[in-house]
Amino acid sequence: MLAFGVFDHLDSSGLPLAEFYENRLKLTEAYDRLGFYGYHVAEHHATPLGMAPSPGIFLAAVAQRTRRLNFGPLVYTLPLYPPLRLIEEICMLDQISGGRFQLGVGRGISPIETRHCGVDPDAAPKMFAEAFEVILRGLQSRVLDFRGEYYRFDHVPLELEPWQKPHPPLWYGASTPASVERPASIGASIVTNANAVAARALFERYAALRAAAGAGGEPKLGIARHVVVADTDEVALTLARPAYRRWHASFLKLWLDHGTRPVNVVYPAEFDGDGHDGRMIAGSPATVRDALQAQIDQCGANYVLTRFAFGDIALADAERSVALFAEQVMPRLRAKQPAAV
């Protein structure tokens, strides 16, 4: 069944931080009330792209402001965490939310951020693999034993356990067909920022790997999109264009400060500029619905992740966008089954 969620960088809006956080929490209450499945938070450091560099702290507040909404990091940058501490944090978040935590993991997209946190980017892939194994072991056991190149645990007692067994649902970000191999092997849900054509290739590869392994389950295959909904196309674009420019500036700032640009991640400078490939959608409910339906049919996604709050979009405009989407877009899209991959 088609489901809907929200991906949030929590990028700087220019507001004082206390007001910024409160506005985002008010939006999570709306997502909860209006029937969204999940709320996923990015982790970034030393950049205005991410004002929640410790996602677990913000998500603890989300747990208390919502009742049904699933939530989690997309992703925890595993090489930046002591694994034991993260196991305990995951258990706490899953318990205080009554089993609504979703565990997204990754090694980190920015070597600049990784270095700022004192980790060698060249070591990050191996650190990620070890840390992920440690975390899965720790979530399924009351004693932790592990010996690796980067982490060692000798019969460490674990007093906490997750609400969900054997562990919370797993999530990965995916950008290339090769990047779906690990999540497919463990049944993790995946999300991509790629356009519909590239997303279909990812989802087909994922499905083929799962079929070859004889694996079951219904993991989510998601596409993430900037979305602004208003009463008319003109009003929506008027809101989206300047907000996107601010988001895009935040997205590039750390890279440009270091005289480089992101690798394999390219966004156009303008919301509706050349190269947007359907990754940014603004308009009336009918316009947004038709655009998303075409992409769902093309790529076979069963999960649509939206970015409603980005740049300096005002709280009232974001709330209106969310309400229109939930009331006039989601039901129509749910009425049609996504194309099979």
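How many helices and strands does the secondary structure of the protein comprise? In this predicted model, the count comes to 10 helices and 12 strands.

**Overall dimensions and surface**

The radius of gyration of the protein is 19 Å, which agrees with the value near 20 Å that a compact globule of 341 residues would have. Further global values are collected below.

| Property of the protein | Value |
|---|---|
| Box filled by the C-alpha atoms, along the principal axes | roughly 60 × 45 × 40 Å |
| Share of the 341 residues that count as buried | 54% |
| Exposed area | about 14400 Å² |
| Share of the exposed area from carbon and sulfur atoms | 53% |
| Distance between the centres of the positive and negative side-chain sets | 3 Å |

The two charge sets consist of 34 positive and 37 negative side chains. As for the chain's contacts, of those between residues at least 6 apart in sequence, 73% join residues at least 24 apart.

**Nonpolar cores**

The largest nonpolar core holds 97 residues, and Phe36, Tyr39 and Phe325 touch the most other members. Helix α10, spanning residues 315-334, supplies the largest share of this core, with nine residues. A separate core of 10 residues lies apart from it and includes Ala3, Phe7, Leu74 and Val75.

The surroundings of Tyr39 can be described in detail. Beyond its neighbours within four places in sequence, Tyr39 is in contact with Val6, Asp8, Leu10, Thr28 and Tyr31, among others. Its contacts also include Phe58, Leu59, Val62, Leu69, Asn70, Phe71 and Gly72.

Notes
Residues are numbered from 1 along each chain as its sequence is written. This is a predicted model: local features need pLDDT of at least 70, side-chain atom pairs count only at pLDDT 80 or more; totals for chains, interfaces and linings use all residues. Side-chain values use heavy atoms; hydrogens and water are left out. A nonpolar core is a set of buried Ala, Val, Leu, Ile, Met, Phe, Trp, Tyr and Cys residues joined through side-chain atoms within 4.5 Å. Buried means under 20% relative accessible area, exposed over 50%, partly exposed in between (1.4 Å probe, protein chains only). Helices (H or I, at least four residues) and strands (E, at least two) are DSSP runs, numbered from the N terminus. Contact means heavy atoms within 4.5 Å. The radius of gyration is taken over C-alpha atoms; the globule rule is 2.2 Å times the number of residues to the power 0.38. Accessible areas come from the Shrake-Rupley method with a 1.4 Å probe; for residues, only the protein chains shown count as cover. Lys and Arg count as positive and Asp and Glu as negative; His and the chain ends are not counted. The place of a charge is taken as NZ of Lys, CZ of Arg, CG of Asp or CD of Glu.
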